[in-house]
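Me: I have a chain open and want a quick tour before I set anything up. Can you walk me through it?

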Amino acid sequence: MQINFQTVNFKADQKLLDFITNKIEKLNKFENSIISVNVYLKVENNEDKDNKFIEILVNLKDNQLFMKYSSRTFEAAADGAVDSLKEQIKRNKEKRITQVS
């Protein structure tokens, strides 16, 4: 699985990229047909404390999954986004199994 990062309005340090990579690699437990993952990290300059945004696009062999999440920190945003993607993957897998049956 290839993971691509893109940052907007800041430069991410390696520790943050490693943290997000470890979270995303755990998705392989739930779905082994992940081809690539695109991660977009963005900081918005506004008064809202939840100004750290993460967008994750997961490219599967036959589908794409997308999640956008915001929080006070990128770590918390990554946790929330990956947890939501796990649920999407489970639903997608159940849907495929149901269609085959």
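What follows is a short chat about this predicted model.

Me: What's the pattern of helices and strands along the sequence?
Reply: Read from the start, the protein runs β-α-β-β-β-α. That is two helices and four strands.

Me: And what does the C-alpha trace span along its principal axes?
Reply: About 50 × 25 × 15 Å.

Me: What share of the residues is buried?
Reply: Buried residues are 39% of the 101 in the protein. The accessible surface is about 6300 Å², and carbon and sulfur atoms account for 45% of that.

Me: How much of the contact set is long-range, say 24 or more positions apart?
Reply: 48%, counting contacts with a separation of 6 or more.

Me: On to the strands. How do β1 and β2 run, parallel or antiparallel?
Reply: Parallel, joined by seven bridges. Take glutamine 6: its bridge partner in β2 is tyrosine 40. The chain gets from β1 to β2 through α1, and this β-α-β crossover is left-handed.

Me: Then β2 and β3, parallel or antiparallel?
Reply: Antiparallel, over nine bridges. Isoleucine 34 has leucine 60 as its bridge partner in β3.

Me: Why call β2 largely enclosed?
Reply: Because seven of the 10 residues in β2, which covers residues 34–43, are buried.

Me: Which residues have the most contacts inside the largest nonpolar core?
Reply: Ile24, Val39, Leu41, Ile54, Ile56 and Val58, in a core of 25 residues. α1, β2, β3, β4 (64–71) and α2 each give two or more residues to this core.

Me: Which element gives the most?
Reply: α2, with seven residues.

Me: Zoom in on leucine 41. What is it in contact with, sequence neighbours aside?
Reply: Leaving out neighbours within four places, the contacts of leucine 41 include Phe5, Val8, Phe10, Leu16, Ile20, Ile54 and Phe74.

Me: You listed Phe10 and Phe74 there. What do they form with each other?
Reply: The count of aromatic pairs comes to one. Phenylalanine 10 and phenylalanine 74 form this pair, and it is stacked, with 4.9 Å centre to centre and 15 degrees between the planes. The pair links distant parts of the chain, 64 residues apart. Phenylalanine 10 sits in the loop between β1 (2–8) and α1 (14–25), while phenylalanine 74 is in helix α2, residues 74–100.

Me: Phenylalanine 74: buried or exposed?
Reply: Buried, because its relative accessible area is 7%, under the 20% cut-off. Phenylalanine 10 is at 23%, so it counts as partly exposed.

Me: Staying in α2, what does alanine 78 touch?
Reply: Alanine 78 is in helix α2. Beyond four places in sequence, it touches Phe19, Ile20 and Ile54. Its relative accessible area is 1%, so alanine 78 is buried.

Me: How far apart are the C-alpha atoms of alanine 78 and phenylalanine 19?
Reply: 8.7 Å, with their positions 59 residues apart along the chain.

Me: Switching to α1. What does threonine 21 touch?
Reply: Ile3 and Phe5, residues up to four places away not counted. Threonine 21 lies in helix α1. At 18% relative accessible area, it is buried.

Me: Now leucine 57. Where is it, and which residues does it touch?
Reply: Leucine 57 lies in strand β3, residues 52–60. Its contacts beyond four places in sequence are Ser36, Val37, Asn38, Gln64, Leu65 and Phe66.

Me: Buried or exposed?
Reply: Leucine 57 counts as buried, because its relative accessibility is 19% and the cut-off is 20%.

Me: How far is leucine 57 from isoleucine 97?
Reply: 22 Å in space, C-alpha to C-alpha, and 40 residues in sequence.

Me: Last one, backbone angles. What is the phi of asparagine 9?
Reply: Positive, about 70 degrees, although asparagine 9 is not a glycine. Most residues other than glycine have a negative phi. Asparagine 9 is found in the loop between β1 and α1. With a relative accessible area of 59%, asparagine 9 is exposed.

Terms used: Residues numbered from 1 in each chain as written. Predicted model: local features only at pLDDT ≥ 70, side-chain atom pairs only at ≥ 80, totals over all residues. Heavy atoms only, no water. Phe/Tyr/Trp six-rings, centres within 6.5 Å; stacked < 30°, edge-to-face > 60°. Buried < 20%, exposed > 50% of the residue type's maximum accessible area, 1.4 Å probe, protein only. Contact = heavy atoms within 4.5 Å. Pairing = 2+ DSSP bridges. Right-handed = clockwise from strand over helix to strand, strands pointing away. Areas by Shrake-Rupley, 256 points an atom, 1.4 Å probe, with all protein chains shown as cover. Core = buried A, V, L, I, M, F, W, Y, C linked by side-chain atoms within 4.5 Å.
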